[in-house]
Structures are given as C-alpha cells and as structure tokens.
Amino acid sequence: MPTDTTILELDAPIALQAIAQLAEHSPLIHCITNTVVQNFTANLLLAAGAIPAMIIDPSECQEFAQVADGLLLNVGTLHREHCPTYYHAAENANRYAKPWVLDPVAVGGLTLRTEFCRKLLSLNPSVIRGNASEISVLAGGGASGRGPETQLSTDQALDAARQLATTIEGIVVVTGEVDLVTDGHRTLKVLGGSVLATRVTGAGCTLSALCAAFASLEGDRLTNVASACWMMSRAAEFAARQAAGPGTFALHLLDGFAQLREAQ
Ligand SMILES: Nc1ncnc2c1ncn2[C@@H]1O[C@H](COP(=O)(O)OP(=O)(O)OP(=O)(O)O)[C@@H](O)[C@H]1O
Ligand SMILES: Cc1ncsc1CCO
Ligand SMILES: [Mg+2]
C-alpha cells in the first residue's frame, strides 16, 4: 500500500463513537507497568470505561491472556528478573490474538531496556506508544531523551514512526504537543491537550494503557487508537480549566475521563 503523506486530524464524531464503544464493552486490560504509575493507570482506565488488572506472576499471565482483552507492557521500572515475564505475556497475547501495547520508557540511554525492547519488536507489538526520542531510538535512530523525557518534537519522529510501524506491521503513536498515530501508510494527528500533562508523572504511561483498551475494540484500529489520544487531550483540557496546579490537574484528569465516558 502506498504511503499517504497527508496527515488528517481525527474527527471528533469518530472519537466519540469509539469512546461509546469502550463504555459498552468495558475491555479488561492486563497492565504490566512501572511501579510509579500503577494506581494512576488503574484509576484512569476505570474512569475511561475499561477494567484494569495488574498481574505479574508468569503463571497467572498465561491464564489471564485467555480472558483479557488487551495487554500493556511498560518498561519504566524494568528489572532484569522481570524480562522473561514480559516476554511470556507478549507471547501469550499473540497466542490468544489479543492486542498488546509496548511503552518503551527511556529507551536509548539505558542498555538493558533498549536491548530488551528491541527483542520485543520481534513479537510484533500491535501498538507502540512513546515520545519522539523513544520512537526515534526504537526505529534505529540515535536521539535519546533525558530519562523518560523527550528532547524532540513529534514531527521530527514522524519518519521513524512510519518506518517502525511498517517493521512491526502495527501502529506507532508518537506523543508530544501534537500526537501522531501511524500504521506506516496512513497517519492521523490529535491536537490540543495541556502542557500540565507533562508536569505530572505518567500521563504517557496511562495513555499507553488506554491505547491497549482502544486497540481491543472492533473496527479500524488506527482510528480507535487515535481516539485514545483524543480522549486524553480532551480530558487534559477539561482538567487544565479546573486545576490550580499539577496536583489538582491529576485529580481533574480522572474526572475529565469520567465525564467524557458518561456523556456517551
Ligand atoms: N507540550 C504539550 N502540550 C500539550 N500536551 C502535551 C505536551 N507534551 C505532551 N503532551 C501530552 O501529554 C501526554 C503524555 O505524552 P508525553 O509525550 O509527555 O509522554 P511521555 O514522555 O511518555 O510521558 P511519561 O513518561 O511521563 O508517561 C500525551 O497525551 C500528550 O499529548
Ligand atoms: C519517573 C519514572 N521513572 C521510571 S518510570 C517513570 C514514570 C514515567 O515514565
Ligand atoms: Mg513515557
């Protein structure tokens, strides 16, 4: 399929339809994520209309892959002893045809996670969600951020994102001031949101969990995953209007998700 170089903005009615579908199906999302964002991720999935489950023992991962609707692997606080569990969970998601999302937190600067995320690419994640530095590194470029933060704009990572999406035959989401969502051929953008999302830890990590929930819905996966970004941007705008600073922003963000879900 030839690459369409026009980047369309995701239409609000399409996103709203995906949000309604999420509320109707309440997908069960298995999250293997970092220790910083566990609680925030679980609460945000619930507010959005999905059901979180933080399960980490390898034997339970295999059992749970059969009933879960999607999986998140986030390497933020990866420990070498956990790598086999992550790998095993991705293999089981593939075995039972469940979509799985890779969040390659801080790849580039750190060897264990960089080599491990490269290895996970061979299992073809359904979606990779990262900031511009992380996506550039995974696609083979040199730029790495300072820890989990990016130094690049999403536009600078677009070619890398398209290339990576083609390699994994999946979807790549690059977030930042503008979010870009590509399958290597078609690219959608989501505008707006709030810079306050970068002043609390884990907005990206929770968005990756939300991408797993939206990826589990029926229909066009590219627009469904872009709808996760759209929901985050609208919830962040709502929260920014209410918030006095990062602390209250995080609380209002959950309320923003709940309002968007309840409005459907
Ligand atoms: N400058 C900005 N203005 C508005 N929204 C932003 C900006 N930068 C990031 N965002 C939003 O913040 C959310 C998280 O994206 P970001 O790129 O910061 O992820 P991340 O670097 O992986 O974050 P973290 O590691 O803290 O989880 C996304 O919804 C994104 O659209
Ligand atoms: C701060 C932090 N450190 C490792 S994971 C994480 C959460 C944001 O990526
Ligand atoms: Mg991140």
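Which elements do the buried residues of α7 pack against? Before selecting them, keep in mind that the structure on screen is a predicted model; the tour starts with the whole chain and comes back to this helix further on.

**The whole protein**

Show the protein as a cartoon, and you can pick out 10 helices and nine strands. Its radius of gyration is 17 Å, close to the 18 Å that the globule rule gives for 264 residues, so the protein is as compact as a globular protein of that length. Turn the C-alpha trace along its principal axes, and it spans about 40 × 40 × 40 Å. If you colour by burial, buried residues make up 53% of the 264 residues. Among the contacts with a separation of 6 or more, 69% are made by residues 24 or more positions apart.

**The sheet**

Next, select the strands, nine of which form an open sheet with mixed pairing, in the order β1-β9-β8-β7-β6-β5-β4-β2-β3. At the edges stand β1 (7-9) and β3 (51-53), each with a single partner strand, so one side of each is left without a neighbour in the sheet. Looking from one strand to the next, you will find a twist that averages 20°.

Stay at the edge formed by β1, which pairs with β9 (residues 187-190) in the parallel sense over three bridges. Show I7 as sticks here, and then T187, its bridge partner in β9. Then move to β3, where helix α2 (residues 38-48) lies across both β2 (28-32) and β3, running at about 155° to β3.

**Helix α7**

Now select residues 158-168, which make up helix α7, and show the side chains of its buried residues: L158, A160, A161, R162, L164, A165 and I168. To answer the opening question, these buried residues pack against two helices and three strands, namely α5 (111-121), α6 (132-138), β6 (127-131), β7 (171-175) and β8 (179-182). Step just past the end of α7 to E169, which takes a positive phi of about 50°.

**Around ligand 1**

Finally, centre the view on ligand 1, which is surrounded by 22 residues, the closest being N131, T175, G193, A197 and G204. The elements that give two or more residues to this shell are α8 (203-215) and α9 (221-242), and α8 provides the largest share, four residues. Colour the shell by class, and it divides into eight nonpolar, 11 polar and three charged residues.

Technical notes. Residues are numbered from 1 along each chain as its sequence is written. Chains are lettered from A and ligands numbered from 1 in the order in which they are written. This is a predicted model: local features need pLDDT of at least 70, side-chain atom pairs count only at pLDDT 80 or more; totals for chains, interfaces and linings use all residues. A residue is near a molecule or strand if its C-beta atom, placed from the backbone, lies within 6 Å of it. Ala, Val, Leu, Ile, Met, Phe, Trp, Tyr, Cys and Pro count as nonpolar, Asp, Glu, Lys and Arg as charged, and the others, Gly among them, as polar. The radius of gyration is taken over C-alpha atoms; the globule rule is 2.2 Å times the number of residues to the power 0.38. A residue is buried if 20 or more other C-beta atoms lie within 10 Å of its own, exposed if 12 or fewer, and partly exposed in between; C-beta atoms are placed from the backbone. Two residues are in contact if their C-beta atoms, placed from the backbone, lie within 7 Å. Two strands pair if DSSP finds at least two bridges between them. Axes are lines fitted to C-alpha atoms, for helices over the stretch in contact, and angles run from 0 to 180 degrees between N-to-C directions.
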